[in-house]
Amino acid sequence: MSTMTTNQNSTSGNLTPPVRKRNSLAKGKLPKWAIWAIAAGSIIIGAAASTLTGFNVASFAIYSAIIFLVAASVITTVAEGKRRGKNAMWTYLIYAAFIVAVIPLVSVLYTVLEKGMPGMNSHFLFSSMNGVTGAVDNETVANGTPVVGGAYHAVMGTLLITLWATLISVPVGMLTAVYLVEYGQGKALSKAITFFVDVMTGIPSIVAGLFAAAFFGMILGPNARMGIVAAVALSVLMIPTVVRSTEEMLKIVPNELREASYALGVRRWRTILKVVIPTAISGIASGVTLAIARVIGETAPILVTAGIASNINLNVFANWMSTLPTFIYYQILTPTSPTNIDPSVQRAWAAALLLILMVMALNLLARLVASIFAPKKGR
Amino acid sequence: MTTNALTSKSSTSGRAGDKVFSGAALAAGVLILITLFAVAVFLLIQALPTFLADPAEISGGEGFFAYIWPIVIGTVIAAAIALLIATPIGIGVALFISHFAPRKVAGPLGYLIDLLAAIPSVIYGAWGYMVLAPALVPGYEWLAKNLGFIPLFEGPASQTGKTMLTAGIVLAVMVLPIITSLSREIFLQTPKLHEEAALALGATRWEMITTAVIPFARPGIISAVMLGLGRALGETMAVALVLSTGNLIPSLIKTGNQTIAAEIALNFPEAFGLRLAELIAAGLVLFLITLVVNMIARGIIARHKEFSGAN
């Protein structure tokens, strides 16, 4: 009875057919071109609104986006109903979130390429900052000659420190993962290790640096700064990443493989070394590569452990060392010549380009390694 | 004297191998626990002079607490700005990649966002210093002019743009990929049957997400945000390069404020004696804060796991 009344009410209040109005599935739908029309309209209005307040690209984009969002949601709500209107609004918001997230990525990559390319040459790659002083930079600017000085010392420092950090982290990290998956299942110690590895992933990089500095400071006296201290600091950051990725990979090795090996009378340690790890090696290798990519760009721990150097130092066990990240940092924050900062800025961006290329190469390598070493699918 | 093949010499050596190998694995695991413990102990020992020193000798002259308090607040403010910006965008991007983007492009787009995580922090710092900060100056002037009555946007705005808000935005960019990649993983794990059931009942895509995906993923999202918080609290380079430091002030668009990590990075290279101990003590405080945040994050995940059945 009550449905009848509402039906009559809506009929009397509306000219549109009541039955279609009540059924959301049969409701009208906007034609496909409508959304493009709304987009075009909001761009035009956005441009107009932006011109009123003094045109610039940022305000134009923001105004257009807001107008489009509001208009598209309202029009969809009117034409297709409240629920679809809400759906449309959130859909466009989520698309917007993605676009907003990509802007900084594009901006960073563009900036690094644009400002890094001019300084990227063989002189930059194969010479150090030894002997390059503010006076040298002032002269370069005054005479308009090419920038002197490069990042060779920093590249070597980066490679050596990262190499040592990898040498420390990979055995420790892999053995820990083996313990967690193969020996420690269900034990309290293994639970504690898992928990603290998780906690360790959250250690701020500068604290890891301070730890290494404090540790070696107590052994070798204060201000003991050299490559190996930095390598230890980086290991603290790298080990948890290695443990986590290796652990994940070992876990997905099918138990049937282990059992088959045990059934043949093979010892546990040989089963692990010859069956389990080879099966998982692709994932482990790519995880290690990603861990290297993560620590190679660390700045803060190097800053407090390896100091800063302008000459080439290939010995990680003595004297200060520079790495690419600290080189960039100091070239920007304390330019070689405080009056003519351009050469320093150019060197910094060229080093940034080099560093990004290294990191990207490592990331690609990780993917490549994963596909090359992947276990054969069979058949 | 015929020995059983199963108990022959090679087998005994195998047993030794077993012991050595399992011992090594155990040692590696214990080493990690010791390391974490050592981090705390060594920082504490080296920081000790700060707590024993005469308050007048500490930077600022009023004791360690008065020294550390403003930069702890600064650290929290920077991280809060970063999370306020990065959380909605990060979850939106994760939803976009998992549920909205066409299947074919979703994978490459996810990789694109992961690239954000691969860029070293010092490059973000350099970008913030040279590109973002100058670009934001007009925005800050607008804020100071129109919203200046709110203490947060009190003018006059910084002319270099090197302010707390800029540092927060750079941090947000750095935290975003963490939140995105973790929540994307969780969103993709939503049971397909739940999603299809919601759609079959006539739900729109957004209703399907609010009724099937979000409830399933909530603990995952919380942990992703907490891990992002941990990163934002401890991030050094972005703040050290982008923020032009000063005393603690409420305005986000003026020069001022400082974070623990940046304070250490900027002063450590020249520090010695008591100042060194002071900075290590600051590092200890940062370590404890991030430790607590991470432990809470892990706790939340562990608790929700039991109820949600998500593993």
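**Exercise 1.** How many residues of chain A are in contact with how many residues of chain B?

*Solution.* Before counting, note that this is a predicted model, in which local features need pLDDT of at least 70, side-chain atom pairs count only at pLDDT 80 or more, and totals for chains, interfaces and linings use all residues. Residues are numbered from 1 along each chain as its sequence is written, while chains are lettered from A and ligands numbered from 1 in the order in which they are written. Taking two residues to be in contact if their C-beta atoms, placed from the backbone, lie within 7 Å, we find 76 residues of chain A in contact with 71 residues of chain B.

**Exercise 2.** Describe the side of chain A that touches chain B by element and by class.

*Solution.* Helix α5 (residues 82-116) of chain A gives the largest share of this side, 20 residues, where a helix is a DSSP run of H or I with at least four residues, numbered from the N terminus. By class, the side divides into 56 nonpolar, 13 polar and seven charged residues; Ala, Val, Leu, Ile, Met, Phe, Trp, Tyr, Cys and Pro count as nonpolar, Asp, Glu, Lys and Arg as charged, and the others, Gly among them, as polar.

**Exercise 3.** Locate the domains of chain A and describe their contact.

*Solution.* The domain assignment, with bounds from an automatic or database source, gives domain 1 (31-117) and domain 2 (134-372) of chain A. Their C-alpha centres lie 40 Å apart, and the contact takes five residues from domain 1 of chain A and five residues from domain 2 of chain A. On the domain 1 side, three of these residues are nonpolar, one is polar and one is charged.

Technical notes:
Helix = DSSP H or I, 4+ residues; strand = E, 2+ residues; numbered from the N terminus.
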